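Morning, everyone. Please look at the screen while I talk. I'll keep this short.

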Amino acid sequence: MPDATVSSADAPTGNPHLAPYNARGLKGRILSGVQPTGNLHLGNYLGAIRNFARLQDDYECLYCVVDQHAITVPQDPALLASQTREIAAAFLAAGVDGGKQIIFNQSMVPAHAQLAWVFNCVARMGWMSRMTQFKEKAGKDRENVSLGLFAYPALMAADILIYKATHVPVGEDQKQHLELTRDIAIKFNNDFNAPDFFPITEPLIFGAATRVMSLRDGTKKMSKSDPSDQSRINLTDDADAIALKIRRAKTDPLPMPESEADAEKRPDADNLLGIFAALADREKTDVVSEFAGKQFSEFKAALTELAVARLGPVGAEMQRLMKDPGHVDAVLRDGAARARALADPILDEVYRTVGFLKP
Ligand code: TRP
């Protein structure tokens, strides 16, 4: 039998880190992390968690609840533990297969922090000082934030590179941290004369609908720290709460936008249309034309029905899992054991490369 023809899309790229995955019919290895701080909302779901399930057929996936990142700002220990379980429950509820993929929490795999220390010594003060997330979180109180908040991106680089992950799904706000991860990989490979040791990790960016704005102000990001609960749809909201929040969502007095260009000038309408398109898995233009010139009340009724249909089952499954913490903990423990088996040999190689003696 002749060899199967290889289309150009499937052709080997020459990246030595991809070859073993391509040989298994996969596109690479993904790592992503979510912080266990505050309630998950529609923005987290559409921007990150929903995509996690969609990637699992094409990539080997590690999904990490980054509890060590969470403590860069003060946390209530009991709440941190329950929110760690809640994020893991959300991964499972969104359809990630915890048996096939790896779901775990960061602190159960010590190699992350161990590699992060090496990266603290690779990354430069100047690089870290330019991180916009640090500048925003530190604000004017720079003298008083934790050293961990400053080093945060080096730990994130370690999360990714301790598995030599080839791809990371990222939202707009994490692009700079991924750039830094690439800079750290390049500098490590150079400094230790270890060409290609760490991969230059690629970002995976999702569609436009990943930016979900507040329901009370279409110019502000939907956020767990917004004091108004009406500004966001939480993953655990029931149908009544979802309906009420959409009914009260801010709009303008005009009928629905006639075109995408019209929508773009009206942030509240634009946001709701984007949410509809994302939930329905349709193009925004298509949704704009379906509702063009109609009343908001009619659109909001359709949006409510769609949101309840799509989010209801996820929220209900999360609630069910949260009542069974033993099961969630078992998933995390099993995931962490498999993660350690991948991470430990890579840490050994790093230690040898750096010149640390073996115990
Ligand atoms: N910094 C990310 C955020 O705040 C969370 C995170 C930590 C992460 N480690 C990661 C994301 C590794 C992707 C890959 O959203």
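I'll go through the strands, then the ligand, then the aromatic rings, and end with one loop residue.

One thing before we start: this is a predicted model.

Let's begin with strand β2, residues 59-65. How many of its residues are buried? Seven of its seven. Now look at the side chains. Tyr59, Cys61, Tyr63 and Val65 point one way from β2. Glu60, Leu62 and Cys64 point the other way. Both sets are buried, as all of these residues are. So β2 is mostly covered, because buried means under 20% relative accessible area, and seven of its seven residues are buried.

Who are the neighbours? Take strand β1, residues 28-34. β1 and β2 pair in the parallel sense, over seven bridges. Find Ile30: its bridge partner in β2 is Cys61. Find Arg29 too: it stands opposite Glu60 in β2. β1 is also mostly covered, with six of its seven residues buried.

How does the chain get from β1 to β2? Helix α2, residues 42-55, belongs to the answer. β1, α2 and β2 make a β-α-β unit, and the unit is right-handed.

Next, strand β3, residues 102-105. β2 pairs with β3 as well, again in the parallel sense, here over four bridges. In this pairing, Leu62 stands opposite Ile102 of β3.

Now the ligand. Which residues are around it? Among them are Leu31, Ser32, Gly33 and Gln35. Further along the chain, the list includes Val66, His69, Met156, Ile160 and Val168. Tyr152, Asp159 and Gln174 are also in the list, and each of these gets its own comment. For Tyr152, an N or O atom in the side chain is 2.7 Å from a nitrogen atom of the ligand. For Asp159, a polar side-chain atom lies 2.7 Å from a ligand nitrogen. For Gln174, a side-chain N or O atom is 2.9 Å from a nitrogen of the ligand.

On to the rings. A pair of aromatic rings is described by the distance of the centres and the angle of the planes. The model has 15 aromatic pairs. Let's take one of them, Phe119 with Phe188. Their centres are 6.5 Å apart, and there are 75 degrees between the planes. What do we call that arrangement? Edge-to-face.

Where do the two rings sit in the chain? Phe119 is in helix α5, residues 111-120. Phe188 is in helix α9, residues 175-191. They are 69 residues apart, so the pair links distant parts of the chain. Are they buried or exposed? Phe119 is buried, at a relative accessible area of 0%. Phe188 is buried too, also at 0%.

The pair has company. Ring pairs link Phe119, Phe188, Phe192, Phe197 and Phe198 into a cluster. And Phe197 has a visitor: Lys164 lies over the face of its ring, 4.0 Å from the ring centre.

Last stop, Asp173. You'll find Asp173 in the loop between β4 (167-169) and α9. Why do we call Asp173 partly exposed? Because its relative accessible area is 45%. Now compare its position with Asp262. In sequence, the two are 89 residues apart. In space, they are 26 Å apart, C-alpha to C-alpha.

That's my tour. Thanks for listening.

How values were computed:
Residues are numbered from 1 along each chain as its sequence is written. This is a predicted model: local features need pLDDT of at least 70, side-chain atom pairs count only at pLDDT 80 or more; totals for chains, interfaces and linings use all residues. Side-chain values use heavy atoms; hydrogens and water are left out. Rings of Phe, Tyr and Trp (its six-membered ring) pair if their centres lie within 6.5 Å; planes under 30 degrees apart count as stacked, over 60 as edge-to-face and the rest as tilted. Helices (H or I, at least four residues) and strands (E, at least two) are DSSP runs, numbered from the N terminus. Buried means under 20% relative accessible area, exposed over 50%, partly exposed in between (1.4 Å probe, protein chains only). A charge sits over a ring if NZ of Lys or CZ of Arg is within 6 Å of the ring centre and within 35 degrees of the ring normal. Two strands pair if DSSP finds at least two bridges between them. A crossover is right-handed if, with the strands pointing away from the viewer, the path from the first strand over the helix to the second runs clockwise. A residue is near a molecule or strand if one of its heavy atoms lies within 4 Å of it. A polar contact is a pair of N or O atoms within 3.5 Å; within protein, one must be able to donate a hydrogen and the other to accept it, and residues adjacent in sequence count only if both atoms are side-chain atoms.
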